[in-house]
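Reader: I'd love a close look at one part of this model and how it fits with what lies around it. Could you walk me through it, step by step?

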Amino acid sequence: MSDSMERFIGEVREVVRAGGTEEEVTAKVAERLKGVLGDPGLLTVDQLLVKAGGFTLNRIHVEPGDSFSIGAGIWDVGQCTPVHDHGTWGVIGIFQGSEKEESFHREGPRAMEGRVRITPSGSRLATAGDVFICCTTDQDVHRVSCASGEPVVGIHVYGGDLAKIPRLRYDPETGEVTPFKTGWDYAKVSG
Ligand SMILES: [Fe+2]
């Protein structure tokens, strides 16, 4: 773990312990993340490992009690996620490359089965150094893709252990939801 990542984990811990609304917490986490993104040594070699054929989400830290988690998300050139949600708040900072994020508005409450109505609500391009709030629990549906000629590497901070939160994929045409769970990659580096 790099010194700057250790420091960042401590800062997120303080922010989460202080509490507040999700909007307040994500704004503070985003501010702290912006402060460390410029360090070229932020991620270790292990944390930058990419698994073959798929999205890599390397576990960096899961807070005891699961109040937050931090991972390194690496999407290869040309990769695009399905439309999905998170079931919690999230902040993403781009460490390398660039990423396109398309957001969707979900009408009504989160339903764990059946169909819901989702409509596109905007998109943005984020490049190295950019930090954005990817989600709050009530509006957390998006699709992200690598938008650079090199893999995009992002620091992802979530308001729980992402691997334990039931999540949903959405069919953008029909609104049909499909439950899934995220697994952390390379958990050995979490130390
Ligand atoms: Fe996401």
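Author: Let's begin where helix α1 gives way to Gly 19, a residue with a positive phi, near 75°. Please keep in mind throughout that this is a predicted model. The helix that ends there covers residues 3-18, and its length is easy to check: 16 residues at 1.5 Å each should span 22 Å, and the end C-alpha atoms lie 23 Å apart, which agrees.

Which residues of α1 are buried? They are Met 5, Phe 8, Val 12 and Val 15. These residues sit on the same side of α1, because they take up an arc of only 80° around the axis. The other side of the helix carries exposed residues: Asp 3, Glu 6, Gly 10, Glu 14, Arg 17 and Ala 18. As for what covers the buried residues of α1, the list includes α2 (22-36), β1 (56-62) and β9 (152-158). Each of those three is worth a visit.

Take helix α2, where Val 29 is found. Val 29 counts as buried because it has 26 C-beta neighbours inside 10 Å, and 20 are enough for that label. Setting aside neighbours within four places in sequence, Val 29 is in contact with Val 12, Val 15, Val 91 and Val 157. Two of these contacts bring us back to α1, since Val 12 and Val 15 are among its buried residues. Val 29 also lies 9.8 Å from Glu 14, C-alpha to C-alpha, with their positions 15 residues apart in sequence. Helix α2 itself lies across β4 (90-96), β7 and β9, and runs at about 15° to β4.

That leads us to the sheet. It is an open one of five strands, in the order β1-β2-β9-β4-β7, and the pairing is antiparallel. β1 and β7 (131-135) are the edge strands, each pairing on one side only. From one strand to the next, the twist averages 25°. As a reminder, strands of a sheet pair through backbone hydrogen bonds, either parallel or antiparallel.

How covered is β1, then? Mostly: six of its seven residues are buried. Six bridges tie β1 to β2 (residues 69-75), and the two run antiparallel. Within this pair, His 61 stands opposite Ile 70, and Val 62 stands opposite Ser 69. The hairpin made by β1 and β2 has six residues between the strands, and Gly 65 takes a positive phi there, near 95°.

Now to what lies inside. In soluble globular proteins, nonpolar side chains tend to be buried together. Here the largest nonpolar core has 33 residues, and those with the most contacts inside it are Val 29, Leu 33, Val 91, Phe 95, Ile 155 and Val 157. Two or more residues each come from α1, α2, β2, β4, β7, β8 (141-146) and β9. The most come from β9, which gives five residues to this core. Ile 155 shows well how the parts meet: leaving aside neighbours within four places in sequence, it is in contact with Leu 33, Leu 37, Ile 70, Ala 72, Ile 92, Gly 93 and Phe 95. There is also a second, separate core of seven residues, including Phe 104, Ile 118, Leu 168 and Val 177.

Two members of that second core, Leu 168 and Val 177, point us to another set of strands. Along β10 (residues 167-170) the side chains alternate: Leu 168 and Tyr 170 face one way and are buried, whereas Arg 167 and Arg 169 face the other way and are not. β10 is joined to β11 (residues 177-180) by four bridges, and the two run antiparallel. In this pair, Tyr 170 stands opposite Val 177. Six residues separate the strands of the β10 and β11 hairpin, and in its turn Gly 175 has a positive phi of about 80°. β10 also meets β3 (residues 83-84) through two bridges, again antiparallel. Here Arg 169 is the bridge partner of His 84.

One last stop is Gly 122, in strand β6 (residues 118-127). Is Gly 122 buried or exposed? It counts as exposed, because it has 10 C-beta neighbours inside 10 Å. Gly 122 and His 142 are 20 residues apart in sequence, and their C-alpha atoms are 9.6 Å apart in space.

Note on methods: Residues numbered from 1 in each chain as written. Predicted model: local features only at pLDDT ≥ 70, side-chain atom pairs only at ≥ 80, totals over all residues. Expected span 1.5 Å × (residues − 1). Buried ≥ 20, exposed ≤ 12 C-beta atoms within 10 Å, placed from the backbone. Arc of directions from axis to C-beta. Contact = placed C-beta atoms within 7 Å. Pairing = 2+ DSSP bridges. Axes fitted to C-alpha atoms, helices over the stretch in contact; angles between N-to-C directions. Core = buried A, V, L, I, M, F, W, Y, C linked by C-beta atoms within 7 Å.
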